[in-house]
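This report describes one protein chain, from its overall make-up down to single residues. Terms are given with their cut-offs where they come up.

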Amino acid sequence: MTMTRNLIALSLAAGVALAALPAAAQQAESPAPPKLSWSFSGPFGMYDQAQLQRGFKIYREVCSNCHSMDFLSFRNLADPGGPGFSEAQAAAIAAEYKIKDVDDKGQPIERAGRPADYFPAPFPNAAAAAAANGVAPPDMSTLAKARTYSRGFPWFIFDMFTQYQEQGPDYIHGILTGYEDPPKDFKLPEGGHYNKYFPGHNIAMPQPLQDGQVTYDDGSPQTLAQYSKDVAAFLMWAAEPKLEQRHRIGFQVMIFLIVLSGLLYFTKKKVWHEVEAPREAAHGQDPAKTTL
């Protein structure tokens, strides 16, 4: 009898726990960030040079204080399909940085940056970055390709046909604009910040941008939304700097395959004409109607 009661109690407890799981999962689930319109989206997309330059300004003045860009060198700023800086401008930007190096005698020195140098990290190692920020900030070189979110059914099917690949920039923009006060029933850990688009809603990074923080020289809006979109576009270029070349080559390949398919079809008709014509004549068909 006692064993039966225990089994019933365990069953009820398991039922209550299972019933609570969907509610808990729904509370922890983060909404998808808004899908934005990007100049580089689609098979014919191209980067907006002015937007990339504004995004670089955001990274340089704000993001680079904590985040590294290990795979981006100064000379990449002058590459075709990028922000549109000249080689002289890229060299001038590099010269404003101090690069740790060694001299001919092997002694550590600091020198002015050169175009071939990579962007220096704000901290010497991950341990120092974690000590300063509580957690080591991620490198931003490939952040726009490494961060994504689930679009769910049936959107991921449509994405295969529309070639939607802007989850990363949408996610970055969503994170930068998703800071808000936590709900009353949400327990935010000490040192955390509530972000509605971040998984679990608890993010260690405080809100890095706000309206009017960075001055634009081209008259673009100096708002959080504009800052977030510009730096997200710049990070997309940093993660995929050859996107325009890839789009152009892909289009050329598609044209080549279409022309090749047509040539192969007519070649097949010409080669097999001598075989098919007698066969069709034997079945009472006019061979002249089947010739090219």
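Helices (H or I, at least four residues) and strands (E, at least two residues) are DSSP runs, numbered from the N terminus. In these terms, Ala 78 sits in the loop between helix H2 (49–61) and helix H3 (87–95). The model is a predicted one: local features need pLDDT of at least 70 and side-chain atom pairs count only at pLDDT 80 or more, while totals for chains, interfaces and linings use all residues. Residues are numbered from 1 along each chain as its sequence is written, and side-chain values use heavy atoms, with hydrogens and water left out.

**Chain overview**

The protein chain holds ten helices and four strands. Their order from the N terminus is α-α-α-β-β-α-α-α-α-β-β-α-α-α. Of the 292 residues, 31% are buried; buried means under 20% relative accessible area, exposed means over 50%, and partly exposed lies in between (1.4 Å probe, protein chains only). The accessible surface is about 18,200 Å², and carbon and sulfur atoms hold 61% of that area. Accessible areas come from the Shrake-Rupley method with a 1.4 Å probe; for residues, only the protein chains shown count as cover. Among contacts (heavy atoms within 4.5 Å) with a separation of 6 or more, 60% join residues 24 or more positions apart.

**Two residues**

Ala 78 and Gly 168 are set side by side below.

| Residue | Place | Relative accessibility | C-alpha distance |
|---|---|---|---|
| Ala 78 | loop between H2 and H3 | 23%, partly exposed | 9.5 Å to Pro 115 |
| Gly 168 | helix H7 | 3%, buried | 5.2 Å to Arg 147 |

Along the sequence, Ala 78 and Pro 115 are 37 residues apart, and Gly 168 and Arg 147 are 21 residues apart. With neighbours within four places in sequence left aside, Ala 78 is in contact with Phe 85, Ser 86, Glu 87 and Ala 90. On the same condition, the contacts of Gly 168 are Ala 144 and Arg 147.

**Helix H7 and the largest pocket**

Helix H7 covers residues 167–177, and ten of its eleven residues are buried. Gly 168 is one of these, and others include Tyr 171, Ile 172 and Leu 176.

A pocket is defined on a 1 Å grid over the protein atoms alone, as an open set of points with protein on both sides within 12 Å along at least five of seven lines; lining residues have an atom within 4 Å of a point. The largest pocket has a volume of about 580 Å³, where volume is the space filled by probe spheres set on the points, and grid points are joined across faces, edges and corners. Its lining has 25 residues, and His 67, Pro 137, Pro 138, Ile 203 and Met 205 are the closest to the centre. H7 gives the most to this lining, with four residues; H7 and helix H8 (224–239) each supply at least two. By class, the lining has 21 nonpolar residues, three polar and one charged. Ala, Val, Leu, Ile, Met, Phe, Trp, Tyr, Cys and Pro count as nonpolar, Asp, Glu, Lys and Arg as charged, and the others, Gly among them, as polar.

**The E1–E2 hairpin**

Strands E1 (residues 98–102) and E2 (residues 108–112) pair in the antiparallel sense over five bridges; strands pair if DSSP finds at least two bridges between them. Val 102 has Pro 108 as its bridge partner in E2, and Asp 101 has Ile 109. Five residues lie between the strands of this hairpin, in which Gly 106 has a positive phi near 85 degrees.

How values were computed: 1 Å grid on protein atoms, 1.4 Å probe; cavity = no way out; pocket = protein on both sides within 12 Å on 5 of 7 lines; lining within 4 Å.
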